[in-house]
Amino acid sequence: MIVRDFNKLQGTDRHIADAKWTSTRMLLADDGMGFSFHITVLEAGSEHTFHYKHHFESVYCMKGKGSITDIATGETHEIKPGVMYALNLHDKHILRAEEELHMACCFNPPVTGTEVHREDGSYAPAEELAD
């Protein structure tokens, strides 16, 4: 059994900060669960373009208000507490935080914790990270 306290992970190597967002990695690849689980907070007024070409992601909004736009279709959806979205087609998207957003995120395959967003908004596939 794995039990972790979100508050105790702050200030550790499982708490990652990037351009106007933070992510606390509750589960990572080396935990052996087949997915990773993160609590991500996006700064109010921020806008992020992501394209997870090598990962599927599902995201559940716990707090805040924003929107997500599917770049391929131009369709925009409201993000608010209780809304979940899943990037089942590796959808390139723009995530906007009107208010500070608190999101619960799952990645498959799981991230290792060492990834950084590349210029195109993606994470490298796991085999590239192993090299």
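The exercises below work through a predicted model, each with a solution in steps.

**Exercise 1. Aromatic pairs**

Find how many aromatic pairs the structure holds, and classify each one.

Solution.
- Step 1. Rings pair if their centres lie within 6.5 Å. By this rule the count comes to two aromatic pairs.
- Step 2. In the pair of F50 and Y52, the centres are 5.7 Å apart and the planes make an angle of 15°. Planes under 30 degrees apart count as stacked, so F50 and Y52 are a stacked pair.
- Step 3. For Y52 and F107 the centre-to-centre distance is 5.0 Å, with 90° between the planes. An angle over 60 degrees counts as edge-to-face, so that is the class of the pair Y52 and F107.
- Step 4. Now locate the second pair: Y52 sits in the loop between β4 (47-50) and β5 (56-63), while F107 belongs to strand β10 (residues 101-108). The pair therefore ties together parts that are 55 residues apart in sequence.
- Step 5. F50 and Y52 are buried, and F107 is buried as well. F50, Y52 and F107 make up one aromatic cluster.

**Exercise 2. The surroundings of strand β3**

Determine which strands pair with β3, and how many of the residues in β3 are buried.

Solution.
- Step 1. Strand β2 (residues 21-27) is joined to β3 by six bridges, and the two run antiparallel. Across this pairing, L27 stands opposite F37 in β3.
- Step 2. β10 also pairs with β3 in the antiparallel sense, over seven bridges. Here H38 has C105 in β10 as its bridge partner.
- Step 3. Strand β3 spans residues 36-42, and six of its seven residues are buried. The strand is thus mostly covered.

**Exercise 3. Cysteines**

Find how many disulfides the structure has, and check C106.

Solution.
- Step 1. A disulfide is a covalent bond between the sulfur atoms of two cysteines. A search of the whole structure gives zero disulfides.
- Step 2. For C106, the nearest cysteine sulfur is that of C105, 7.8 Å away. The cut-off is 2.5 Å, so C106 is in no disulfide.
- Step 3. Compare the accessibility of two cysteines. C61 has a relative accessible area of 1% and is buried; C106 has 26% and is partly exposed.

**Exercise 4. A surface patch**

Identify which residues form a nonpolar patch on the surface, and give the accessible area they have together.

Solution.
- Step 1. The patch is formed by Y60, M62 and M84.
- Step 2. Together these residues have about 310 Å² of accessible area.
- Step 3. M84 is placed in strand β8 (residues 84-86).

Note on methods. Residues numbered from 1 in each chain as written. Predicted model: local features only at pLDDT ≥ 70, side-chain atom pairs only at ≥ 80, totals over all residues. Heavy atoms only, no water. Patch = residues over 30% accessible without salt bridge, like charges linked within 9 Å, V, L, I, M, F, W, Y side chains within 5 Å. Areas by Shrake-Rupley, 256 points an atom, 1.4 Å probe, with all protein chains shown as cover. Salt bridge = Lys/Arg side-chain N within 4 Å of Asp/Glu carboxyl O. Helix = DSSP H or I, 4+ residues; strand = E, 2+ residues; numbered from the N terminus. Phe/Tyr/Trp six-rings, centres within 6.5 Å; stacked < 30°, edge-to-face > 60°. Buried < 20%, exposed > 50% of the residue type's maximum accessible area, 1.4 Å probe, protein only. Pairing = 2+ DSSP bridges.
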